[in-house]
Amino acid sequence: MCGIVGYTGSQEAIQVVLDGLRRLEYRGYDSAGVAVLSEGPLRVAKKAGKLSNLEKEVVAAADGFTGTTGIGHTRWATHGGPTDRNAHPHMSADGRVAVIHNGIIENFAKLRASLESSGIEFTSDTDTECVAHLLALELTAAGGDLAEAMRLVCRRLEGAFTLLAVDTGTPGKVVGARRNSPLVVGRGQGENFLASDVSAFIAHTRDAIELGQDQVVLITADSIEITDFLGVPAQGRDFHVDWDLSAAEKGGHDWFMLKEIGEQPHAVDATLLGRVGEHGEILLDEVRLTDQDLRDVDKIFIIACGTAYHAGLVAKYAIEHWTRIPCEVELASEFRYRDPVLDRSTLVIAVSQSGETMDTLMALRHAKEQKARVLAICNTNGSTIPRESDAVLYTHGGPEIAVASTKAFLTQLAACFLVGLHLAQVRGVKYADEVGAVVDQLRAMPAAIAQVLSTMDDVRALARSLAHQKTFIFLGRHVGYPVALEGALKLKELAYVHAEGFAAGEMKHGPIAVIEEGTPVVCVVPSPAGRGVLHDKIVSNIQEVRARGAYTIVIAEEGDEAVVPYANHLIRVPRTPTLLAPFVTTVPLQVLAAEIADALGHDVDQPRNLAKSVTVE
Ligand code: M6R
């Protein structure tokens, strides 16, 4: 969601900040703004819409935005619409302080009422503006000490926030604070950075510090001081970013999403690499769980949102099959509200690409309060979900910039499968050689995905021919069912058309009524070799929809001739063990959605109304 950048050093801050904002665009936003500390008054510009609107404003400014300390923000509207006046930064009434904010200040109405009763006039509808006014007031109380003023303010705030602020009375410094929302420090040579995530400063440094919960940081060009909200010196967690700028750039593709689809063989490979120890054990990145903890597990919950939830749905089939432990998959946003039965012997697996999804984070916290063990599967080092979990398995997918998840899905599958195999082995349900055999099958997946990718021209042509359609249905059974859900989600979020995924057997219980002449129905067919009965059943389901006029697009493995008579369009994928089939069957659906969106003239990487990192509940 909101993207935050702060800089102080010897470069022109406006360039560094705008460049950082550009790299955070993928998070999703609807307005943007900057503030630069110059010799005179604070220079502030903010505009609704794309970053280019802001850049025009900055370029048009007669004196430019000269100065080596600044902050910048891309805003995804929560309190107050996406307008110029609600865009960040927000300034104190005396014009001394500029503040940017990610999150929601829950007690803002009370704070605003009290500030207004003391005569302060608000110029926006945001919750953030009260922080700017409070900071100016506390600066006086703190004798001009910016970090202390920020600490005093934070102690009065409730909710989730990452805040950055600059003050004309404190040149060369940027102060930041965080609670329940991410903030990382980039450690440079004679310059330092603050940002929502490392991609904002990766062009300048790969050495970073992840700020802990309830911490305040003050950066100058040569120093980084961290304290808690009471002023007690504190430490963040140092880490080195293992990908570089080129990984975050489009690499010749029109869209990040296409680049990321193409990176899937490598991403899955990297996620599997070095994960299995010599005794078949899975090598987790950070483990605060013992083998005994894992042996004690009698129930598993997978909690996640969106695409990560679909990965969890696939994983359930494998985990229950391999471990014989009951596994439930829950939408993180629903989890804690239904009061799930959890205890010390429950393992909760929190799956999140960004590691910042608030619904997943809150579900994780609920699980921990009930004493459950939490294992995170995450792609983002330095994010909150892994930090708050008992163990972490990072998916080494590299940065995913496009809002639509692609390589995150496949790497989450790989990671979930590894966890399932490890549990099975620790509990004695599978021997090392059995685990090894499945790991070998997993290791064959990157080549299989690459093979699918090499045949996608046909899918692109199909997509263009279907771009005018208003409704799409996706059908699957077994692990093909979550794939159908994922295919429908991709199409909805990118093409803005009505798309629904169904368990194929459910069609006859109602949904089949929506089929009309020409309705495209995408059918994900399981291998006839692996689950013959399943295969035969879905072939019947395909016939049922075709008999009602559907235009059937059938995804089936090579050599499956039984589907041929019922397919208006056939997409072939390589033969794959049943449980692993989603690695190959999902890929054409990603390409289909991206291509239809492009044909319709939509922004494939940043679909409307959506954010990459959803940091509000
Ligand atoms: O960062 P996360 O994996 O926790 O994100 C979860 C969902 O918001 C995400 O998968 C979303 O559904 C994608 N935009 C779908 O493509």
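Buried means under 20% relative accessible area, and partly exposed lies between that value and the exposed class at over 50%. The exercises below apply this cut-off, among other criteria, to a predicted model.

**Exercise 1. Determine which residues form salt bridges with Glu263, and whether these partners are buried or exposed.**

Solution.
Step 1. Lys259 and Glu263 meet through their side chains in a salt bridge, with an N to O distance of 3.2 Å.
Step 2. The relative accessible area of Lys259 is 8%; because buried means under 20%, Lys259 is buried.
Step 3. Glu263 also forms a salt bridge with Lys407, where the closest N and O atoms are 2.6 Å apart.
Step 4. This pair links distant parts of the chain, 144 residues apart: Lys407 belongs to helix H13 (residues 407-426), and Glu263 to the loop between helix H6 (256-262) and H7.
Step 5. Lys407 has 3% relative accessibility and therefore counts as buried.

**Exercise 2. State which parts of the chain the salt bridge between Arg96 and Asp167 ties together, and classify both residues by accessibility.**

Solution.
Step 1. The side chains of Arg96 and Asp167 meet at 2.6 Å, N to O.
Step 2. Arg96 lies in the loop between E5 and strand E6 (97-105), and Asp167 in strand E7 (residues 159-167), so the pair ties together parts that are 71 residues apart in sequence.
Step 3. Arg96, at a relative accessible area of 24%, is partly exposed, whereas Asp167, at 0%, is buried.

**Exercise 3. Describe the sheet that contains strands E6 and E7, and identify its edge strands.**

Solution.
Step 1. The sheet is open and has six strands in the order E5-E6-E7-E8-E12-E13, with antiparallel pairing.
Step 2. Strand E5 (90-91) and strand E13 (224-228) each pair on one side only, and are the edge strands.
Step 3. Within the sheet, strand E8 (residues 174-179) pairs with strand E12 (residues 215-219) over five bridges in the antiparallel sense. Ala177 stands opposite Val216 in E12.

**Exercise 4. Explain where the largest pocket lies relative to domain 1 and domain 2, and describe its lining.**

Solution.
Step 1. The largest pocket holds about 670 Å³ of space. It is lined by 39 residues, the closest to its centre being Trp243, Asn379, Thr380, Asn381 and Pro399.
Step 2. Strand E14 (237-240) and helix H7 (264-272) are the elements that give two or more residues to this lining; H7 provides the largest share, three residues.
Step 3. By class, the lining comprises 13 nonpolar, 16 polar and ten charged residues.
Step 4. Domain 1 (3-249) and domain 2 (261-443) both contribute lining residues, so the largest pocket lies between them.

Note on methods:
Residues numbered from 1 in each chain as written. Predicted model: local features only at pLDDT ≥ 70, side-chain atom pairs only at ≥ 80, totals over all residues. Heavy atoms only, no water. Pairing = 2+ DSSP bridges. Helix = DSSP H or I, 4+ residues; strand = E, 2+ residues; numbered from the N terminus. 1 Å grid on protein atoms, 1.4 Å probe; cavity = no way out; pocket = protein on both sides within 12 Å on 5 of 7 lines; lining within 4 Å. Points joined across faces, edges and corners; volume = space filled by probe spheres on them. Nonpolar A, V, L, I, M, F, W, Y, C, P; charged D, E, K, R; others polar. Domains from an automatic or database assignment. Salt bridge = Lys/Arg side-chain N within 4 Å of Asp/Glu carboxyl O. Buried < 20%, exposed > 50% of the residue type's maximum accessible area, 1.4 Å probe, protein only.
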